[in-house]
Amino acid sequence: MSIASQVEIIKSRIAGAAREAGRNPEDITLIGVTKTVSADRAREVMAAGVMDLGENRVQAFLDKYETLGNAPRWHLIGHLQTNKVKYIVGKVALIHSVDTLHVAEEISKKAVAEGITQQILMQFNISGEVSKSGATADEAKHLLESVSALHGLSVQGLMTMAPLGATETETRRLFADLRTLAESIDNEGFPNVSMTQLSMGMSGDFESAIREGATLVRIGSALFSHLES
């Protein structure tokens with residue numbers, strides 16, 4: 001199966017889940033996660049109409065950025081170490097994985113030095129799974145209050161991941177909890193903080209995420225695992 005065909009299948013599934021939830025499919029952005037494929041494959045995804053690409057690791061992003069530049073809209077979706085911040089600020093459109101005040105402060109410093117505003121999402125570990133990165137929900141308001149005071153940042157929303165092996169009911173409850181957390185944060189009226197984006201849902205659970213309000217879905221294996229060699 002070609003990339004173009006697989007993209008159409010995924011878009012059809014996104015649209016179906018959106019309509020079930022009474023939502024407009026155009027309000028959901030498909031991010032093609034290219035961490036396991038080459039820059040040439042990434043170009044094919046772009047040619048099929050997926051212009052938002054996500055990378056988990058900074059070095060993998062930099063390798064593809066050298067080839068593709070700003071042609072796609074880049075997303076950094078994996079864990080971000082403070083010593084790697086300087087390599088991505090200003091190059092990626094959205095950093096999904098800001099999970100501590102320290103990381104946010106480093107992004108702020110680099111953004112201010114570059115004279116730009118970097119858009120970010122705050123990552124929360126709603127499930128409490130030890131292997132997952134992210135702040136806890138209990139830390140949310142204090143963390144967002146502190147981040148809102150930083151210059152050069154614009155918080156666009158929240159990100160989370162469901163634990164491996166979770167049932168659909170458990171997954172939907174987790175995604176609903178992130179939506180509720182976003183609504184609670186939004187009610188605080190923090191400056192430079194909006195809750196317009198919810199990044200949740202990957203290849204195995206993106207339809208559940210859409211039914212619970214996801215605006216950004218991160219799809220890798222469902223795009224690439226059935227491709228022609």
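1. Helix 2 passes helix 3 in a right-handed crossing, where right-handed means that the near helix is turned clockwise from the far one by less than a right angle, and left-handed that it is turned anticlockwise. Helices (H or I, at least four residues) and strands (E, at least two) are DSSP runs, numbered from the N terminus. Helix 2 covers residues 39-47 and helix 3 residues 58-68, and the two pack at an angle of about 65° with their axes 10 Å apart; the axes are lines fitted to C-alpha atoms, for helices over the stretch in contact, and angles run from 0 to 180 degrees between N-to-C directions. From helix 2, Ala39, Ala42, Arg43 and Met46 meet Lys64, Thr67 and Leu68 of helix 3, contact meaning heavy atoms within 4.5 Å. By class, this contact has four nonpolar, one polar and two charged residues, with Ala, Val, Leu, Ile, Met, Phe, Trp, Tyr, Cys and Pro counted as nonpolar, Asp, Glu, Lys and Arg as charged, and the others, Gly among them, as polar.

2. A word on the basis of these values: this is a predicted model, in which local features need pLDDT of at least 70 and side-chain atom pairs count only at pLDDT 80 or more, while totals for chains, interfaces and linings use all residues. Residues are numbered from 1 along each chain as its sequence is written, and side-chain values use heavy atoms, with hydrogens and water left out.

3. A search of the whole structure finds two aromatic pairs; rings of Phe, Tyr and Trp (its six-membered ring) pair if their centres lie within 6.5 Å, and planes under 30 degrees apart count as stacked, over 60 as edge-to-face and the rest as tilted. The rings of Phe61 and Tyr65 have planes at 45° and centres 5.3 Å apart, so this pair is tilted. Both residues, Phe61 and Tyr65, belong to helix 3, where they are four residues apart, about one turn of the helix. Phe61 is buried, at a relative accessible area of 1%, and Tyr65 is buried as well, at 18%; buried means under 20% relative accessible area, exposed over 50%, and partly exposed in between (1.4 Å probe, protein chains only).

4. Which kind of pair do the rings of Phe61 and Trp74 form? Their planes stand at 80° and their centres are 5.2 Å apart, so the pair is edge-to-face. This pair links distant parts of the chain, since Phe61 is in helix 3 and Trp74 in strand 3 (residues 73-76), 13 residues apart. Ring pairs thus link Phe61, Tyr65 and Trp74 into a cluster.

5. The largest nonpolar core has 67 residues, and among them Leu80, Ile107, Ile120, Met122, Phe124, Leu158 and Ile185 touch the most other members; such a core is a set of buried Ala, Val, Leu, Ile, Met, Phe, Trp, Tyr and Cys residues joined through side-chain atoms within 4.5 Å. A second, separate core of five residues includes Ile31, Leu94, Leu121 and Leu216. In soluble globular proteins, nonpolar side chains tend to be buried together.

6. Leu94 is found in strand 4 (residues 94-98) and is buried, with a relative accessible area of 3%. Leaving aside neighbours within four places in sequence, the contacts of Leu94 include Trp74, Ile120, Leu121 and Leu216. By C-alpha positions, Leu94 and Ser225 are 26 Å apart in space and 131 residues apart in sequence.

7. Ser154 is found in strand 6 (residues 153-159) and counts as buried at 17% relative accessibility. Beyond neighbours within four places in sequence, Ser154 is in contact with Thr117, Gln118, Gln119, Ile120 and Asn192. Asn192 itself lies in the loop between helix 7 (168-186) and strand 7 (193-199), and is partly exposed, with a relative accessible area of 45%. Asn192 deserves a second look, as it has a positive phi of about 65° although it is not a glycine. Most residues other than glycine have a negative phi.

8. Two residues remain to be noted in the loop between strand 5 and helix 6. Gly134 lies in this loop, which falls between residues 118-123 of strand 5 and 140-148 of helix 6, and the C-alpha atoms of Gly134 and Phe124, ten residues apart along the chain, are separated by 4.2 Å. Ile126 lies in the loop between strand 5 and helix 6, and the C-alpha atoms of Ile126 and Ala137, eleven residues apart along the chain, are separated by 6.4 Å.
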